[in-house]
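Dear colleague,

I am handing over the structure below, and after it you will find my notes on the metal site and the pockets. Please read them with the model open.

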Amino acid sequence: MTAEAGPPLLEVRGLGKRFGGFVALEGIDLTIAKGERLGLIGPNGSGKSTLVNCLTGTLHNETGSIHFEGKDLRGLIAHERTRLGLARSFQLPKPFHSMSLADNVRIPLLYTVNARQRHALSDAQIDERCQELLSHVNLADKARRRPRDLTQVEMRKLELARAVATQPTLLFADEAMAGLSHSEIEEILAVLLRLNEEGITIVLIEHIMSAVMSFSTRLMVLVAGHKIADGPPQEAIRNPEVERAYLGE
Amino acid sequence: MRVSNSLFWVLIVAVGTVFVVASRLTITNEYFYFAGYVVLEYIVLSTAWNILGGYTGYTNFGTGAFFAAGAYSAAVLHKLPATLHKTFDITMAPVPLPVMIVAGGLVSGLMGLGTGYLTLRLRGVFFAIATLAFTIVVQTLIVNWDYVGGSRGIYIIRPANAPLGGGYIQYLFSLMTLLAVVSVGIARTIERSRFGLGLNSIRDDELAAEASGVPTLRMKLISTALSGALMGMAGAPLPYYVTYLDPASSFNLAYAVNSVAMPVIGGMQSWIGPVIGSILLGTIQQLATVTISSALNLLIVGVLLILFVVIAPNGIVGLVQAWRRREA
Ligand SMILES: Nc1ncnc2c1ncn2[C@@H]1O[C@H](COP(=O)(O)OP(=O)(O)OP(=O)(O)O)[C@@H](O)[C@H]1O
Ligand SMILES: [Mg+2]
């Protein structure tokens, strides 16, 4: 990758988040360049989802600064950040239960893509996009079904499709693969790789190490709310601190 | 069959007009208009409630406050010419009822916006409790406001002449029919719109809605303001209907309970649910009032509400849909 001119895609400085007296994140510095595939790993409860929540505006971080494409995100609430190009899937899928799968992906098309563009998509174009988005995760034939008819795996795919529907610049995939079979993991990885080739920068949060290692161009490790490693994947996992955190001494 | 929005508006305006004209031509018994007015009023209230409660997913127990605010706005406007004359020697024509309705809608709409702003960060049961508390606050203010009679209440003398021919109660009946038509039209328009789909996403999952770009706070505020405004409009004719307005009756618990129960029993997913619920429950209550006693009304509503919540949480509309699916 050639060196980029201008500001990095995302620049986080000294980010901290507390829940009452509990320090969930502290002093997080993170720079992400356009086009990267960043793997984010860490033991349960280390603060990975909390970091995503703070970056996308679902939670409010008390300290630190976040710049996205050079723009300070302070004071911007979640939907404004989504419209700027930050998208996320939720670790526990949060589908819109009362709606068809097509309407689930229609919401971001109406409220993010159309809100962003000068020329709004027509109803026909939106219908077409919905079908396309669902077919990328093999859900096209269930477009008119409700989320309750889906398996857990399909629910994760819908979650991902809905995040992708916002046409993000930076996508956080929070454990999109938990519970999936080997072939399904391959399937999701292929989807993510294709999105990345199309120019979307991706942060993959995942416990399945083989998936993270094959996907990531860079790896960041969080332990107990602190960043303990950040670099090329093979180096990061051989870091003694990381080994200690993972193997427990 | 898909009915377009404009066709639907034409249809309900036609239904409303035929309904008013036909009843004027065939029914002379005043009781019909008194009872019909109440049922129509409930169509407005429950339809208004459903915009926030059904589409957006926020349970409002404060219908009484929005409704009474409309009624008291009208009472203030009713007294205004006399007050101006007495204190400033200014002559002012009596305010026509349609103007009072618009004013009541504005006051309650603003009230909806204000409460929304203060309480919409609360979720679920906490929001519901806040609206209940809000009713108590508004009622306390009215009870201590002497200009509109305080706790004693205030007598309102109806204008001598009713527009549109017929008696005053017929006039009130016609206006309430119009309000019912307008509310149902608005509700259905929202339901079929992008805005309505956005409200549904808030009801389903607010965090996911935000993450999908839905400006949830702004949309909830529009929803509360609109819902409150329609409730206030339904309340504005009340002084002329009862001719004696007091806090006890205008803040009656029945408004809050019915405007929740009617959409729940009819079905909250679609505009037709609150309409069915209002006609059904409203008629049952009117019949119970004349045959047994009005004391039974809330009991009937309560029992039906429990039955539906337990057995058919999607209301009558949900039952019909399930039955149709089985037939198909
Ligand atoms: N809303 C909240 N209120 C209080 N504590 C919270 C909240 N959200 C997260 N926490 C706590 O913050 C810590 C970090 O949680 P987080 O969900 O970010 O971990 P994670 O790295 O995503 O873990 P996992 O791998 O299990 O998903 C945990 O101890 C969790 O209990
Ligand atoms: Mg997590």
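A pocket, on a 1 Å grid over the protein atoms alone, is an open set of points where a 1.4 Å probe fits, with protein on both sides within 12 Å along at least five of seven lines, and its lining residues have an atom within 4 Å of a point. Grid points are joined across faces, edges and corners, and a volume is the space filled by probe spheres set on the points.

This is a predicted model, in which local features need pLDDT of at least 70 and side-chain atom pairs count only at pLDDT 80 or more, while totals for chains, interfaces and linings use all residues. Residues are numbered from 1 along each chain as its sequence is written, chains are lettered from A and ligands numbered from 1 in the order in which they are written, and side-chain values use heavy atoms, with hydrogens and water left out.

The second largest pocket holds about 600 Å³ of space, and among its 26 lining residues A:Gly57, A:Thr58, A:Leu76, A:Ile77 and A:Ala78 are closest to its centre.

The largest pocket holds about 2100 Å³; of its 44 lining residues, A:Ser98, A:Arg146, B:Glu191, B:Gln269 and B:Gln321 lie nearest the centre.

The magnesium ion (ligand 2) has as protein donors A:Ser49 (OG) and A:Gln91 (OE1), at 2.0 to 2.1 Å, where donors are N, O and S atoms within 2.8 Å of the metal (3.2 Å for Na, K and Ca), and sites may look incomplete because water is not among the atoms. A:Ser49 has a relative accessible area of 21% and A:Gln91 one of 30%, so both count as partly exposed (between buried, under 20%, and exposed, over 50%, with a 1.4 Å probe and protein chains only).

Best wishes
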